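Biologist: Could we go through this model together? I would like to begin with the overall picture and then turn to particular sites.

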Amino acid sequence: MKPRILIVDDEKNIRRTLAMILRGAGYAVREAASGEEALSLLAEAPSEVALLDIRLPGQDGIETLKQIRAQHSECGVIMISGHATVSAAVEATRLGAFDFLEKPLSRDRVLIAVRNVFQMTSLGEQVDRYRRDEAQRRVMVGTGPAIEALRGQVAKVAPTMATVLITGESGSGKELVARLIHEQSRRAGGPFIKVNCAAIPEELIETELFGCVRGAYTGADRSRDGKFLLADGGTLFLDEIGDMSLRVQSKVLRALQEKEIERVGDSHVVRIEVRVIAATNKDLQAEVAAGRFREDLFFRLHVVPLEVPPLAARREDIPRLAHHFLELYALENDLPRKSLAPETLALLETRAWPGNIRELQNLIERLAILGEGPTITADDVQRLDPRPPRARAAPGRGTRESRAATDDPTPSEAALTPEELRAAGGLVQARRDFERRCISACLERTGGNISQAAQWLGIERSNLHKKIQAYGLDPRATRATEAPDD
Ligand SMILES: Nc1ncnc2c1ncn2[C@@H]1O[C@H](COP(=O)(O)OP(=O)(O)OP(=O)(O)O)[C@@H](O)[C@H]1O
Ligand SMILES: [Mg+2]
């Protein structure tokens, strides 16, 4: 994998020059025009080095440096300064910047400074290791409002000791959120221990959680530490907590309240310092109402509830996610990276995703292996996963047969559930998303023919042009087979 560099400068010319120099030297380059943008790019995927201008609009370079040092310590920072800001640059090196470059920039000086960062941190070797690094899997991809909100909540709750309850549909990323909270917490150096409460038989879960002493029950041939103890000083992730029996629930409650545990068959109490994060795809409040979940435990867990939105409520992130998984797959398997045809992305964006991100990930992996040719086409998708778009949203109506028969150009769409609506950012945002999808679907079906799409949509051609611009759609990107009219 190419070593990654982030250029942060508000001057486009400087960014362009630096990008050219660095790309020419074999680095993978990303660009940000502000400190805020730099941080959100780093949250999405790491960079080994950042070139950071001291003078930035909004949050300045020094403040951005502090935040990069605090949140992305793996990223070495080189400051860029003008003559007037040299003293600030010296201050920056005191704050942990590796070096500073004075404007006007010289090509050689830039390359030497960057190479030094790699040498000083032996990042050179690490880059190779990154390839299979779990960290790659742990980035939360997405820039839409739903995921940004979640990212903000994670950042807020992570440094605290608060118990967190993560809810969300299956495959939506609950475990990923739990790991991120741990990694951004002060106990990041401690263990992260996961227990899947649904996968362990009832008679074993107590031992699994609390441990046992030898002879505690038939078959207990040795003493064992439980997961609570293993997580001491770190985080215990209780996955699928909605599936835990009432008896075990009361023991967990006690461990949370008293901060101590007893091994099975032992009356000796052990004090523990564990942060608990729980997750479930069940409606725990309904489980409480049905008498299957202890109310006191529910409130104990519910201190900070985090809801992971379903993929259907953040379709704007689908292209990024698809690219991310494609890259991940190529890296893991040392394969050349395939590309996704624009029409493929449009199709992925309009599908129903009952299995959420995991389903998308699995599909991309299948496409990467089985897709023919270097570009994954919409045909590949249909062949490997034949399914009508939005099948779940319009049961009965959206089947392939009925769609083919009616030739309805707009995507059929049932009302969102209140949860989806909330996750989508409310009615205004949902309406915008819907409009964008309708336009995108029509452009796709007409192969980018704007006149015909406008006719189908029942709006003026000029109006459609404006909307295409406003939504950042590329009509050419959706051209399939037919020639467009303009
Ligand atoms: N925003 C994201 N960016 C990149 N990858 C993601 C994102 N969200 C989830 N994933 C990936 O999708 C897969 C499913 O996520 P995860 O296991 O966290 O879901 P879950 O909600 O715990 O699912 P389940 O309910 O089935 O246990 C994982 O491989 C995870 O790394
Ligand atoms: Mg999970």
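Modeller: Certainly. Of the 486 residues of the chain, 47% count as buried. Please keep in mind that this is a predicted model.

Biologist: How many helices and strands are there in the chain?

Modeller: The chain contains 23 helices and 16 strands.

Biologist: And what about the accessible surface of the chain?

Modeller: The accessible surface amounts to about 23,000 Å², and carbon and sulfur atoms hold 51% of that area.

Biologist: What share of the contacts comes from residues 24 or more positions apart?

Modeller: Among contacts with a separation of 6 or more, 68% are between residues 24 or more positions apart.

Biologist: Let us move to the ligand. Which residues are closest to ligand 1?

Modeller: The closest are V141, G171, K174, R358 and Q361, in a shell of 20 residues. By class, that shell has 7 nonpolar, 6 polar and 7 charged residues.

Biologist: Which polar backbone atoms lie by the oxygen atoms of ligand 1?

Modeller: A polar backbone atom of G171 is 2.9 Å from an oxygen atom of the ligand. For S172, a polar backbone atom is 3.3 Å from a ligand oxygen, and for E175 the corresponding distance is 3.1 Å. On its own, ligand 1 has 630 Å² of accessible area, and the protein covers 89% of this.

Biologist: Which elements give two or more residues to the shell?

Modeller: Those elements are α9, α15 (318–332) and α17 (356–370).

Biologist: Where does ligand 1 lie with respect to the domains?

Modeller: Ligand 1 lies between domain 2 (156–307) and domain 3 (313–478), because both domains give residues to its shell.

Biologist: You mentioned S172. Where is that residue, and is it buried or exposed?

Modeller: S172 sits in the loop between β6 (164–167) and α9 (174–183). Its relative accessible area is 2%, so S172 counts as buried.

Biologist: What does S172 touch?

Modeller: Leaving out residues up to four places away in sequence, S172 touches V308, P309, R314, N356 and I357. The C-alpha atoms of S172 and I357 are separated by 5.4 Å, although the two residues are 185 positions apart along the chain. In addition, the side chain of S172 reaches the backbone oxygen of E169 at 2.7 Å.

Biologist: Is R315 buried or exposed, and what does its side chain reach?

Modeller: R315 belongs to the loop between β14 (304–307) and α15. It counts as buried, because its relative accessibility is 4% and the cut-off for buried is under 20%. Its side chain reaches the backbone oxygen of R351 at 2.6 Å.

Biologist: A change of topic: what about the backbone geometry? Which residues does the cis peptide bond join?

Modeller: The cis peptide bond joins K103 and P104, with omega at about 0 degrees. P104 is placed in the loop between β5 (99–102) and α5 (107–120).

Biologist: And which residues other than glycine have a positive phi?

Modeller: E240 is one of them, with phi near 55 degrees. K259 is another, with a positive phi of about 55 degrees. Most residues other than glycine have a negative phi, and most peptide bonds are trans.

Biologist: Where do E240 and K259 lie?

Modeller: E240 is in the loop between β10 (235–239) and α12 (246–258), whereas K259 is in the loop between α12 and β11 (260–262). K259 counts as partly exposed, because its relative accessibility is 37%.

Biologist: K103 came up a moment ago. Which residues is S81 in contact with?

Modeller: K103 is among them: leaving aside neighbours within four places in sequence, S81 is in contact with I54, V86, A89, F100, L101, E102 and K103. S81 is part of strand β4 (residues 76–81). With a relative accessible area of 0%, S81 is buried.

Biologist: One last residue, M161. Where is it, and what does it touch?

Modeller: M161 lies in the loop between α8 (145–157) and β6. It touches R187, E273, V274 and R275, not counting residues up to four places away in sequence. The C-alpha atoms of M161 and R275 are separated by 6.1 Å, with their positions 114 residues apart along the chain. M161 counts as partly exposed, because its relative accessibility is 40%.

Methods. Residues are numbered from 1 along each chain as its sequence is written. Chains are lettered from A and ligands numbered from 1 in the order in which they are written. This is a predicted model: local features need pLDDT of at least 70, side-chain atom pairs count only at pLDDT 80 or more; totals for chains, interfaces and linings use all residues. Side-chain values use heavy atoms; hydrogens and water are left out. Helices (H or I, at least four residues) and strands (E, at least two) are DSSP runs, numbered from the N terminus. Buried means under 20% relative accessible area, exposed over 50%, partly exposed in between (1.4 Å probe, protein chains only). Contact means heavy atoms within 4.5 Å. A polar contact is a pair of N or O atoms within 3.5 Å; within protein, one must be able to donate a hydrogen and the other to accept it, and residues adjacent in sequence count only if both atoms are side-chain atoms. A residue is near a molecule or strand if one of its heavy atoms lies within 4 Å of it. Accessible areas come from the Shrake-Rupley method with a 1.4 Å probe; for residues, only the protein chains shown count as cover. Ala, Val, Leu, Ile, Met, Phe, Trp, Tyr, Cys and Pro count as nonpolar, Asp, Glu, Lys and Arg as charged, and the others, Gly among them, as polar. Domain bounds come from an automatic or database domain assignment.
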